Amino acid sequence: MNRASRTPAGGPAPAAAAAPAPRPFDPRRVRAEFPILARAVRGKPLVYLDNAATTQKPVAVLEALDGFYRAHNANIHRAVHTLSQEATLAFDAARETVRRFLNAADAREVIFTRGTTEGINLVAQAWGRANLRAGDEVLLTTMEHHSNIVPWQLVAAERGAVVRVVPIDDAGTLDLDAFHRLLGPRTRLVAVGHVSNALGTVNPVADLARAAHAAGALVLVDGAQAVAHARVDVRALDADFYAFSGHKVFGPTGIGALYGKRALLEAMPPWQGGGDMIRTVSFAGSTWADLPSKFEAGTPDVAGAVGLGAALAWFSALPFDAVAAHEADLLAHGTEVLSRVPGLRLVGTSPHKASVLSFTLDGVHPHDIGTLLDLEGVAVRTGHHCAQPVMERYGVPATARASLALYNLRDDLDALVAALAKVRALFPL
Ligand code: PMP
């Protein structure tokens, strides 16, 4: 358990845990750390396969949240009393844990946000409004989540900039030739998902960043779907900005982080005004606080940050290679067993893929699939997955999507396929 999670009432708030020693990975034992996975749904054991929407939370995170509110809760940065100091220490420790998780050079490069969406909007509003000029281009890809499309459309419309889109092939792999063709002297920013939530495609972000930088453009990476599955190293990727959500990596909802290179963040104006982001305020004009406070106006989600710190510490303590091997096995097994379901078509079959099994079933609307699977206790997502351009690319209104996390077992995928057999029986081909 993360040290942040359990401190006796009155004890000092925890500092960032030292880099934890890896512990062996046994998916069944890890699964037992997630209380919700033991519950039943509609009289059946829960089979949770909606991890791309949100992951479940281990006891370490639940206890960190509970422990914070029970023993340390106070507003941060504003008082000399003990609780406020403890809460501030815990908040700062969580930032340091995020820094280490991303391998950022400096904790001031980590801005707490509500999640990926807010992180991208921050860059679009603070960097985009100050830097985009008429005719400048922002390069996206077909597989982006709406939260990495709409913020750019908003700022492009305001600044007269243009959004361009790199296509994908039938498997859902990014068309790199098209990327290199579209990347040009007008490109100011490449904004790309690390892992697609609708297709599972893993993009070669380090290569894209190298090319973008050579063309004089910056790179923003939407890491929402990567953080629970890949080892993220913002310096190795050379990402200028990297946004993610805590709830996709075993942490609470309502908290996430944006990494930005320090020089870029320092040059950017604030995007929200309020308490904590200022150095001085007068009616003649105000001045801004240093990083990271400049971008954290108002009372932050202190408990959420503590919970996120606990989640990242918990996750980082697992042996990553063993987790990755387990997830690769699940993906291969899932692909194989689903492919045998009559009339099932996988959407997204890139060789570079992680954790997502999107599919359609001939003759059955995805929403009916979702409803019928729920009757069997199987939770999958159905719809456009906030990626309508992907649906358009494949000519489908929606897909059903099973998405994996490290606590899933082959049994879960077998249960999904058994439930799909019942759906198929109701809707014979
Ligand atoms: N990008 C991707 C690829 C996502 O999967 C999601 C969440 N579905 C988001 C961005 C947005 O994340 P959030 O809603 O936590 O801000």
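What follows is a chat about a predicted model, its ligand and its two open sheets.

Biologist: Before we start, what kind of model is this, and how are residues numbered?
Modeller: This is a predicted model, where local features need pLDDT of at least 70, side-chain atom pairs count only at pLDDT 80 or more, and totals for chains, interfaces and linings use all residues. Residues are numbered from 1 along each chain as its sequence is written, and side-chain values use heavy atoms, with hydrogens and water left out.

Biologist: Great. Which residues surround the ligand?
Modeller: The ligand has T116, T117, H145, S147, N197, D222, A224, Q225, S245, H247 and K248 around it. A residue is near a molecule if one of its heavy atoms lies within 4 Å of it.

Biologist: How does that shell divide into nonpolar, polar and charged?
Modeller: There are 1 nonpolar, 8 polar and 2 charged residues in the shell. Here Ala, Val, Leu, Ile, Met, Phe, Trp, Tyr, Cys and Pro count as nonpolar, Asp, Glu, Lys and Arg as charged, and the others, Gly among them, as polar.

Biologist: And which ligand atom does the side chain of D222 approach?
Modeller: An N or O atom in the D222 side chain is 2.5 Å from a nitrogen atom of the ligand. For K248, a side-chain N or O atom is 2.6 Å from a ligand nitrogen. Q225 has a polar side-chain atom 2.7 Å from a ligand oxygen. A polar contact is a pair of N or O atoms within 3.5 Å.

Biologist: How much of the ligand does the protein cover?
Modeller: The protein covers 84% of the 400 Å² of accessible area that the ligand has on its own. Those areas come from the Shrake-Rupley method with a 1.4 Å probe.

Biologist: Switching to the fold: what is the strand order in the sheet with 7 strands?
Modeller: That open sheet runs β4-β10-β9-β8-β7-β5-β6, with mixed pairing. Its edge strands are β4 (110–113) and β6 (162–166), each pairing on one side only. On average, neighbouring strands are turned by 20° against each other, direction ignored. Strands are DSSP runs of E, at least two residues, and helices are runs of H or I, at least four, numbered from the N terminus. Two strands pair if DSSP finds at least two bridges between them.

Biologist: How do β4 and β10 pair?
Modeller: β4 and β10 (residues 256–260) are antiparallel over 4 bridges, and V110 stands opposite Y259 in β10.

Biologist: Which strands does α4 lie across?
Modeller: Helix α4 (residues 116–131) lies across β4, β7 (187–193), β8 (218–222), β9 (241–245) and β10, at about 150° to β9. Axes are lines fitted to C-alpha atoms, for helices over the stretch in contact, and angles run from 0 to 180 degrees between N-to-C directions. Contact means heavy atoms within 4.5 Å.

Biologist: What about backbone oddities, where is the cis peptide bond?
Modeller: A cis peptide bond joins L291 and P292, with omega about -5°. P292 is in the loop between β12 (285–288) and α10 (302–316). F250 has a positive phi, near 75°, and is in the loop between β9 and β10. Most residues other than glycine have a negative phi, and most peptide bonds are trans.

Biologist: Last one: what is the order of the 4 strands in the other open sheet?
Modeller: The order is β13-β14-β17-β16, with antiparallel pairing. The edge strands are β13 (344–347) and β16 (381–383), each pairing on one side only. Helix α12 (residues 366–375) lies across β14, β16 and β17, at about 160° to β16.

Definitions and conventions
Polar contact = N/O pair within 3.5 Å; in protein donor to acceptor, adjacent residues only side chain to side chain.
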